[in-house]
Amino acid sequence: GHYGRGSLLLSLQNRSKAAMAEYFMEYTSQQMAGYRGYNSRTRIGNWSQDIEVDEARMRDYLAKKERGELVSHRIQKRRERHLQPVDVSPAPADGVLRFGSRVLLFHSQSTAYLAANLDVRHEGAQVLFDVTTSKATHPCARCVYVIEKIDNPNDPMQMAFDAQGGGDVLHYSQPFRLRACDELSEEPLYLYSESQGVSSFAEKSHRQEVALSPKTTWNTAWRIEHIDPGYR
C-alpha cells in the first residue's frame, strides 16, 4: 500500500544520494571548482607538475642505474664483498700459531665458522657490528681473521718470550687480538666481547655479546688457555 511505496521511494532516494556522493568523490577540489568549463580531452589539476616529477624520477633512476648506485647494486656489492674467496695461512709444520696468521674460527656448538656481518649494526652508543656463524664451504672475507700481537714491553710474559726468541709465536695465556681481514673492511675491526650485564647481552640468546669493534680496548683482547687445567 501507501506505506510500501513510501519505503520504496525513500530507499531509491538514499541510493540516489549514495550514487551522487560516489560520483562527486571522484573529483579533486580543483576539479570541483571549475570542471564544467572542461571537456573529456582537457587535462586538469597539477598534470604538468606531475609529468615533470615522473620524468625527473625516471632520469634519476637511469642515472643511478648507469653509475651502479641503486639499492639493489649496493646490496649486491656488500654480498660480493662478504663472500669473496680469500686465503688463509697454511697449517704450520711445527704446529704453532704465529702473529699475522690468517685463520678460521670454528664454533663447535653450531658446527659453523665465526662470521662477520657489517650490514647489521648493534644498537647502543658504541659502534659494533654483528658477528654470527656461517657454514661456509670455502674461506671467505667474512670468516677470516688475522692474529695480532698486543705490544706491551712492560709485560714480564712478553719479555720472557722475546728473550727466548719466540716473539712471533702465540703462547698460551698471552693476550692477542683477532682482526677482520682487509678484504672485508679497510678500517681495522676487532673481535669484541663484553661480560653479560643489564645493558650488555646478545640480542637473541641474551648471553654474552660478541661483535666487531673499531676500538682496541681490553674487550678486544683474547687469551688461549690449555684444555688441561693442570697446564694453565
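## Cysteines without a bond

A disulfide is a pair of cysteine sulfur atoms within 2.5 Å. By that yardstick, this predicted model has zero disulfides. The sulfur of Cys-140 has its closest cysteine sulfur in Cys-143, but at 3.7 Å the two are too far apart for a bond. Seen from the other end, Cys-143 is in no disulfide either, with the sulfur of Cys-140 at 3.7 Å.

Are these cysteines buried or exposed? Cys-140 is buried, at 3% relative accessibility, and Cys-143 is buried too, at 1%. Here buried means under 20% relative accessible area, exposed means over 50%, and partly exposed is in between (1.4 Å probe, protein chains only).

## How to read the values

Residues are numbered from 1 along each chain as its sequence is written, and side-chain values use heavy atoms, with hydrogens and water left out. As this is a predicted model, local features need pLDDT of at least 70 and side-chain atom pairs count only at pLDDT 80 or more, while totals for chains, interfaces and linings use all residues.

## Salt bridges

A salt bridge puts a side-chain nitrogen of Lys or Arg within 4 Å of a carboxyl oxygen of Asp or Glu. Searching the whole structure turns up six of them. Asp-94, Arg-98 and Asp-168 are linked in a network. Within it, Asp-94 pairs with Arg-98, with the closest N and O atoms 2.7 Å apart, and Asp-168 meets Arg-98 at 3.5 Å, N to O. That second pair links distant parts of the chain, 70 residues apart: Asp-168 is in the loop between helix H5 (156–163) and S6, and Arg-98 is in the loop between helix H4 (71–83) and S1. Helices (H or I, at least four residues) and strands (E, at least two) are DSSP runs, numbered from the N terminus. Each member of the network is partly exposed: Asp-94 at 45%, Arg-98 at 28% and Asp-168 at 39%.

Which residue does Glu-183 meet in a salt bridge? Its partner is Arg-102, at 3.2 Å, N to O. Glu-183 lies in the loop between S6 and strand S7 (190–194) and Arg-102 in strand S1, so the pair ties together parts 81 residues apart in sequence. Glu-183 is partly exposed, at 31% relative accessible area.

## A greasy pocket

Rolling a probe the size of a water molecule over the atoms shows where empty space is left. On a 1 Å grid over the protein atoms alone, a cavity is a set of points where a 1.4 Å probe fits but cannot get out, and a pocket is an open set with protein on both sides within 12 Å along at least five of seven lines; lining residues have an atom within 4 Å of a point. Grid points are joined across faces, edges and corners, and a volume is the space filled by probe spheres set on the points.

The second largest pocket has a volume of about 280 Å³. Its lining divides into 10 nonpolar residues, one polar and no charged. Among the lining residues are Leu-97, Val-103, His-171, Phe-176 and Ile-224. Strand S1 (102–104) and strand S6 (176–180) each supply at least two residues of that lining. For these classes, Ala, Val, Leu, Ile, Met, Phe, Trp, Tyr, Cys and Pro count as nonpolar, Asp, Glu, Lys and Arg as charged, and the others, Gly among them, as polar.

## Closed cavities

There are two cavities of 30 Å³ or more. The largest cavity, about 40 Å³, is lined by Ile-150, Asn-152, Asp-155, Gln-158, Gln-174 and Pro-175.
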